[in-house]
Each structure stands twice: as C-alpha cells, then as structure tokens.
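Morning, everyone. Please look at the screen while I talk you through one chain.

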Amino acid sequence: MTDTAQPSAIFIEGGLLPADMLAQLADGDLPGQAEADFRLPRQARLIDEMAAAWSDARAYWEAFRRRLHRLPEDDPATGPTREQWVVPLLSTLGYQQ
C-alpha cells in the first residue's frame, strides 16, 4: 500500500459484485446514492434515518436471538425467523409484504 492509498472496509469474495462497481460505490458515483434519491421528508437527514434503521435492526436482532434461545432444540425456527427478524427488518428498510 502506498502513502496515498486508503484502506478499504470492502473486501471482494467471489464474483457477486464486480470490483469496478465497488469502486464506484466507494466514490459515491452509483445512481441512487444521493440523499435526494431516498425520497425522505424535507426535514429528514439521511444519516439520521440510517442510524435509526440500524438501531431498529439491532433491536429486532436481539429480540429474535432471545426468542431463539427459548425454542426447543428440534424447532427449525422458521416462523420466528420470518415474523420476528425478516419481516420487521425488511419493513424497516421500506419493503412491504
């Protein structure tokens, strides 16, 4: 690494996302990355919305983990996974059932 190179938190594993796309993402050059693209209310700030979504997701995850520990060992946890983790997470991210 040279003095001008900056370390990256993104590591490429496999071929799901091409390296040039990750470079564009890091530079903020991909469509849909501008604050206006998120169609937030005028007074809302993207960074605050992201922090709130992250906080909600962590709370859902913790509640889900507690629920899993109370299930019998042979329970596949399909219902609780869907209802207490996946559905709330996707709803927080703006996806509807």
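Helix α2, residues 46-70, contributes the most to the lining of the largest pocket: four residues. Keep in mind that this is a predicted model. The full lining is F38, L40, L46, E49, M50, A53, T92 and L93. What kinds of residues are these? Six are nonpolar, one is polar and one is charged. The space inside this largest pocket comes to about 200 Å³. How do we find such space at all? A probe the size of a water molecule is rolled over the atoms, and that shows where empty space is left.

Now step back to the whole chain. It has three helices and zero strands. From the N terminus, the order reads α-α-α. Of the 97 residues, 12% are buried. Now take the contacts with a separation of 6 or more: 26% of them join residues 24 or more positions apart.

Next, α3, residues 78-92. Does its length agree with what we expect, or disagree? Each residue adds 1.5 Å, so 15 residues should span 21 Å. The end C-alpha atoms of α3 are 20 Å apart, which agrees.

α3 also bends. Where? At V86, by about 30°. A proline, P88, follows within four residues. P88 is buried too, and so are P80 and W85 in α3. What covers the buried residues of α3? The cover includes α2, the helix that also gives the most residues to the pocket lining.

One last stop. Just after α3 comes G94, with a positive phi of about 95°.

How values were computed:
Residues numbered from 1 in each chain as written. Predicted model: local features only at pLDDT ≥ 70, side-chain atom pairs only at ≥ 80, totals over all residues. Heavy atoms only, no water. 1 Å grid on protein atoms, 1.4 Å probe; cavity = no way out; pocket = protein on both sides within 12 Å on 5 of 7 lines; lining within 4 Å. Points joined across faces, edges and corners; volume = space filled by probe spheres on them. Helix = DSSP H or I, 4+ residues; strand = E, 2+ residues; numbered from the N terminus. Nonpolar A, V, L, I, M, F, W, Y, C, P; charged D, E, K, R; others polar. Expected span 1.5 Å × (residues − 1). Bend = angle between axes of the 7 residues up to and from the residue. Buried < 20%, exposed > 50% of the residue type's maximum accessible area, 1.4 Å probe, protein only. Contact = heavy atoms within 4.5 Å.
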